[in-house]
Number of protein chains: 2
Amino acid sequence: VARKIVEIDLSGHGIRVEECPEDLRLLGGRGLTSTSIQRETDPLCHPLAPENLLVIAPGLLAGTGLSSANRLSAGAKSPLTGGIKEANSGGTAAFKLARLGIAALKFRGAAPRGRCLGLRVSREGCRLEDLGFLAGKGIYQTAEALRERFGARVGLIIAGPAGEMRMSTACLSVTDPEGEPCRNLGRGGLGAVAGAKGLKAVIIDDEGAEFRPHDPEATKALIRDFAARLKAHPVTGEKFPKYGTAMTLMNVNKLGGLPTRNFSAGSFEGAEGLSGDRLYETISSRGGQYAHGCMPGCVIRCSNKYVDPAGKAVVGSLDFETIGLLGANLGLGDLDQVAELNKLCNDIGVDTMETGAALGVLAEGGLFAFGDFPRVRDLIQEIGQGTPLGRLIGSGAAACGRAYGLDRVPTVKGQSMAAYDPRAIKGLGLTYALSPMGADHTAGNAITLAVDPTDPRVQLEAVRELHWKYTALDTLGICIFTGRVSLANPELIEQAVRVITGWAASWAELLELGKRILHRERDFNRRAGFTAAHDRLPGFMLREALPPNHEVFDVPQADLDSFYDFDREGQLD
Amino acid sequence: VARKIVEIDLSGHGIRVEECPEDLRLLGGRGLTSTSIQRETDPLCHPLAPENLLVIAPGLLAGTGLSSANRLSAGAKSPLTGGIKEANSGGTAAFKLARLGIAALKFRGAAPRGRCLGLRVSREGCRLEDLGFLAGKGIYQTAEALRERFGARVGLIIAGPAGEMRMSTACLSVTDPEGEPCRNLGRGGLGAVAGAKGLKAVIIDDEGAEFRPHDPEATKALIRDFAARLKAHPVTGEKFPKYGTAMTLMNVNKLGGLPTRNFSAGSFEGAEGLSGDRLYETISSRGGQYAHGCMPGCVIRCSNKYVDPAGKAVVGSLDFETIGLLGANLGLGDLDQVAELNKLCNDIGVDTMETGAALGVLAEGGLFAFGDFPRVRDLIQEIGQGTPLGRLIGSGAAACGRAYGLDRVPTVKGQSMAAYDPRAIKGLGLTYALSPMGADHTAGNAITLAVDPTDPRVQLEAVRELHWKYTALDTLGICIFTGRVSLANPELIEQAVRVITGWAASWAELLELGKRILHRERDFNRRAGFTAAHDRLPGFMLREALPPNHEVFDVPQADLDSFYDFDREGQLD
């Protein structure tokens with residue numbers, strides 16, 4: 001299957017389309033963004049300087065109706081961490097880009113300050129559009145205006161006001177099948193990289209395009225088989241559609257690992273009010289939508305459309321990490337409140353997780369009281385207004401910790417943790433410490449492992465393998481939520497690669513690929529100045545026992561240092 | 001000469017006094033602070049955590065009337081850079097500590113949050129004092145209250161409100177011979193380390209104490225000889241006393257290296273109004289004091305007491321770096337305005353240089369217009385008030401650059417540059433890039449070198465040697481402004497060491513010591529996670545030509561990387 005790479009120079013040097021080079025032919029998603037960055041970006045460049053390369057790439061398998069296999073990756077040198085960044089999301093953009101035969105969009109340079117540009121991608125090719133009329137506009141309004149101008153069925157990738165203001169926590173938003181801009185490339189400030197380039201949106205019109213898998217008949221059969229297996233599994237077939245990602249909340253709370261009031265406790269007295277059960281009851285009784293699919297073809301459908309008591313839409317997909325960090329971590333126990341905050345963050349275009357962590361730090365610093373919902377709402381609005389305080393919050397948890405002189409700041413490599421306290425779930429501490437992305441749960445979510453989460457000693461191998469597996473999935477564009485079926489039956493993954501791309505890769509080879517991509521990411525970070533000293537959790541988690549289970553993070557330092565022993569296995573390619 | 005080390009555990013575990021260990025016997029000042037930190041501080045600790053060690057040490061030669069040889073060092077892991085930090089200052093504290101036989105004060109642990117403690121040091125020993133009544137008070141008021149309570153002649157080291165709020169730019173202030181708290185241990189946030197420990201002040205009462213040099217008669221003779229030589233030199237005997245450090249301003253402006261409007265130009269149309277000539281005329285015509293000595297015995301007397309048009313005291317010592325960064329860098333050309341800002345910063349207890357650089361970044365970010373004095377004054381007041389914006393400014397230039405999404409931020413290792421643009425004065429670029437302290441001009445002020453400052457290729461050896469020399473001087477406690485006499489006649493330094501301490505060290509041995517101390521500092525930084533990637537100037541200085549001479553920083557990268565080749569010369573001790 002021939003794929004194209006589109007090079008867009010926003011400094012005014014035009015657009016160039018070329019065939020995907022032979023050595024990148026079998027890379028998609030994270031594999032393609034990270035490899036491009038590792039090879040082409042000066043690791044010492046400023047993330048907001050024109051030299052930084054922004055790469056957007058659908059997963060290798062995107063473009064068909066295969067369930068949960070249409071994820072989109074974006075990558076750059078991160079304004080938040082200073083290291084390499086890949087973030088991925090659902091939505092329709094990857095599906096549509098793949099149907100247009102596009103393996104990657106690579107943005108270089110920067111438009112003159114003040115310009116506000118869009119890239120329109122269609123069968124006729126790629127064209128830059130002046131979007132000056134949308135400068136400073138919220139993401140929801142921008143999406144509506146773009147659908148009006150370019151057609152209701154376009155897929156969109158949008159930077160919000162936070163991205164235009166080049167804030168380190170700015171995300172990129174991707175539209176879902178209904179056109180709601182709520183699937184976020186959330187972490188690491190990729191919205192700021194777009195903003196620094198003057199890129200407000202990518203508009204993808206796949207009208208008339210078609211994706212031809214290597215073996216169309218076998219692909220159809222696999223789509224059916226994979227969907228059936230996902231539906232038959234109790235988690236992917238029943239719990240995810242009903243409770244969404246929030247299904248995990250009471251479990252994490254029970255383990256004593258739910259970040260509460262800036263990670264000062266691991267269980268929250270208001271957890272019931274934030275639970276998957278409560279989410280399901282609320283949505284279903286009000287006529288909202290659960291079992292919503294964020295990507296074309298997805299049968300897991302963990303997404304939802306949260307509505308207010310009158311049944312009016314609030315936000316598309318209230319999810320666990322947001323509930324944890326904008327809820328329990330701020331002492332808020334009401335889903336209506338969290339949904340409103342989520343919508344605000346989405347509209348401004350900031351990562352809900354980093355925002356929740358930053359606000360938790362500020363509450364600890366005395367700026368406001370935990371549980372003060374109106375104040376939290378005002379503070380998030382300040383981000384969008386670009387007030388000095390808003391800009392501080394938009395700089396992330398580490399910056400807030402610095403400003404308020406605190407050493408209790410839940411970040412690694414400058415990025416905040418997700419809604420799992422690593423003192424209670426040690427494997428996640430390994431992932432937070434060791435992912436090249438900073439404290440990123442999706443790099444290897446160890447809560448899925450069948451191990452005692454409080455045992456510090458047995459998880460190294462398992463977590464390491466998880467990182468390889470997830471990196472492979474991120475490269476193929478397969479959602480990690482398929483893991484209970486796909487990782488349990490890797491022959492399904494081999495089959496998908498074969499029938500869609502024609503590549504007869506074994507699962508072992510795909511895992512090797514995952515390792516190689518981690519190598520490259522780590523190589524970039526090394527040249528950007530990262531060392532083992534950065535592969536550490538914040539000190540307070542090593543000495544401060546977490547209530548109620550009084551755990552500290554006690555994974556031996558030697559385990560952290562040996563995690564990347566596979567670096568030495570071979571030469572970097 | 002027997003010297004004592006005082007260990008103060010602020011967590012409530014008391015005070016311990018011990019003889020200075022044999023292997024530290026010949027270390028003072030920076031040599032003692034950096035060696036202690038390198039050996040005892042976990043490089044991965046949070047700078048505001050109780051584990052961080054704060055060391056205060058007079059220079060090895062302090063305690064006599066030898067001109068310019070009574071400097072005080074303080075050191076810790078820096079809240080601003082995350083690396084090792086030593087800052088040094090004049091004032092009377094080093095002289096008095098040395099007379100009390102104290103080689104170092106080492107502060108560990110932290111008092112419970114909210115406590116405000118003082119350490120009183122006298123012939124009767126060391127005692128912690130409750131200074132709760134001074135919590136949150138400005139440095140001037142604190143100094144006055146402490147002199148009232150403990151005697152008019154005590155020497156003081158004080159943390160201001162910024163330090164108590166644990167801001168990364170908080171300094172420690174040292175009183176001068178008149179008791180004015182205006183000699184700052186300015187850089188790197190040492191005030192925040194004190195604040196995090198609950199330490200508001202050190203009160204040094206040397207009543208009845210006496211310092212006995214190894215050879216009292218020879219010391220007297222040397223004091224006379226050294227003073228005479230300093231007075232006889234046209235720079236140290238005439239220009240420094242008359243014009244102060246501002247004597248260099250017009251020269252730097254002429255070289256096109258005076259930071260103007262956030263380092264966007266290298267000469268300032270208002271430079272005349274900030275010049276050494278203007279400073280001298282202003283002070284002398286108003287009845288202020290020039291030729292003021294900041295330390296006991298100093299004959300260079302580069303310090304001054306700036307007064308308002310009515311002859312009323314404004315601030316003790318208006319100096320070049322402050323004038324450059326709070327003046328030209330903010331588009332302000334009026335010494336009265338700069339003096340008022342300087343006094344404000346001193347009272348709040350923040351580094352004037354980092355504050356000027358941070359405000360320059362914020363002006364570039366659009367928060368206010370360059371040249372708007374009332375707004376600048378208000379913003380500095382906000383630091384003292386601890387408003388969110390004040391806390392952002394108090395976090396330093398790098399934090400402000402992040403919040404406002406800028407890549408034109410004049411910092412290295414998170415610390416702002418001094419008032420020399422390294423594009424015009426390349427040797428200072430080497431010093432900024434390569435000092436373990438961040439962009440610190442006092443690590444090796446290359447403007448003193450007899451080389452073409454715009455030639456990128458010839459300065460490596462000279463600057464390297466300067467770093468060794470300055471590190472040796474910082475260890476001995478000798479002011480670098482003596483360089484034209486002391487470094488030109490190193491036998492004077494050998495003689496001073498011999499007659500005061502009894503140690504027959506050659507100048508070559510003292511340079512070796514300087515190298516060894518740099519080794520140790522660099523070793524700490526390496527373990528804290530610093531690599532060659534951090535020994536770099538910000539990218540904009542490599543590509544953006546600086547008006548009026550259109551220079552970029554073009555020192556070859558290989559030169560930067562070979563600067564520390566001497567690391568490999570021997571094993572670290």
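**Exercise 1. B:Glu321**

Task: In this predicted model, work out which element of chain B holds B:Glu321, and whether the residue is buried or exposed.

Solution. Start with the secondary structure: B:Glu321 sits in helix 10 of chain B, which spans residues 320-327. Next, look at accessibility. The relative accessible area of B:Glu321 is 10%, and the cut-off for buried is under 20%, so this glutamate counts as buried.

Now for the neighbours. Leaving aside residues up to four places away in sequence, B:Glu321 touches B:Met353, B:Ala418, B:Ala419, B:Tyr420 and B:His441. To finish, try a distance: the C-alpha atoms of B:Glu321 and B:Thr475 are 23 Å apart, with their positions 154 residues apart along the chain.

**Exercise 2. A:Thr475**

Task: Find out what the side chain of A:Thr475 reaches at 2.8 Å, and which residues A:Thr475 touches beyond four places in sequence.

Solution. First, place the residue: A:Thr475 belongs to helix 17 of chain A, residues 460-476. With a relative accessibility of 1%, A:Thr475 is buried.

Then go through the polar atoms. The side chain of A:Thr475 reaches the backbone oxygen of A:Thr471 at 2.8 Å. A polar atom of the A:Thr475 side chain also lies 3.2 Å from the backbone nitrogen of A:Gly31.

Last, list the contacts. Skipping residues up to four places away in sequence, A:Thr475 touches A:Leu27, A:Gly28, A:Gly29, A:Arg30 and A:Gly31, along with A:Gly59, A:Leu60, A:Leu513 and A:Ile517. So A:Gly31 turns up twice, once for its backbone nitrogen and once in the contact list.

**Exercise 3. Cysteines**

Task: Count the disulfides over all chains, then explain why A:Cys20 is not in one.

Solution. The count comes first: a search of the whole structure turns up 0 disulfides. For A:Cys20, check the closest cysteine sulfur, which is that of A:Cys126, 15 Å away. The cut-off is 2.5 Å, so that gap is too far for a bond. A:Cys20 is also buried, at 11% relative accessible area.

Repeat the check in chain B. B:Cys171 is in no disulfide either, and its nearest cysteine sulfur, in B:Cys345, is 8.5 Å away. B:Cys171 is buried, with a relative accessible area of 0%.

**Exercise 4. Where chain B meets chain A**

Task: Describe the interface of chain B and chain A: how many residues are in contact, how much area is buried, and which helix of chain B gives the most residues?

Solution. Begin with the residue count: 32 residues of chain B are in contact with 33 residues of chain A. Move on to area. The two chains bury about 2600 Å² between them, and 53% of that is on carbon and sulfur atoms. On the chain B side, B:Pro388, B:Arg391 and B:Arg402 supply 22% of the area buried against chain A, more than any other three residues.

Next come the specific interactions. The interface has 2 salt bridges; one of them pairs the side chains of B:Glu51 and A:Arg543, at 3.3 Å from N to O. There are also 14 residue pairs in polar contact, with both residues at pLDDT 80 or more.

Now sort the chain B side by element. Helix 14 (388-393), helix 15 (397-403) and helix 20 (507-528) of chain B each give two or more residues to it. Helix 14 gives the most, with 4 residues. By type, the chain B side divides into 17 nonpolar, 7 polar and 8 charged residues.

**Exercise 5. Backbone oddities**

Task: Find which residues the cis peptide bond joins in chain A, then say where A:Arg261 and A:His550 lie.

Solution. Take the peptide bond first. A:Pro547 and A:Pro548 are joined by a cis peptide bond, with omega about 0°. A:Pro548 lies in the loop between helix 21 (540-543) and helix 22 (557-562) of chain A. Check chain B too: a cis peptide bond joins B:Pro547 and B:Pro548, omega again about 0°, and B:Pro548 is in the loop between helix 21 and helix 22 of chain B.

Then turn to phi. A:His550 is in the loop between helix 21 and helix 22 of chain A; its phi is near 55°, positive in a residue other than glycine. A:His550 is exposed, at 58% relative accessible area. A:Arg261, in the loop between helix 8 (249-254) and helix 9 (276-286) of chain A, has a positive phi of about 45° without being a glycine. A:Arg261 is partly exposed, at 27%.

Note on methods. Residues are numbered from 1 along each chain as its sequence is written. Chains are lettered from A and ligands numbered from 1 in the order in which they are written. This is a predicted model: local features need pLDDT of at least 70, side-chain atom pairs count only at pLDDT 80 or more; totals for chains, interfaces and linings use all residues. Side-chain values use heavy atoms; hydrogens and water are left out. Buried means under 20% relative accessible area, exposed over 50%, partly exposed in between (1.4 Å probe, protein chains only). A polar contact is a pair of N or O atoms within 3.5 Å; within protein, one must be able to donate a hydrogen and the other to accept it, and residues adjacent in sequence count only if both atoms are side-chain atoms. Contact means heavy atoms within 4.5 Å. Buried area is the accessible area (1.4 Å probe) that two parts lose on being put together, summed over both. A salt bridge is a side-chain nitrogen of Lys or Arg within 4 Å of a carboxyl oxygen of Asp or Glu. Ala, Val, Leu, Ile, Met, Phe, Trp, Tyr, Cys and Pro count as nonpolar, Asp, Glu, Lys and Arg as charged, and the others, Gly among them, as polar.
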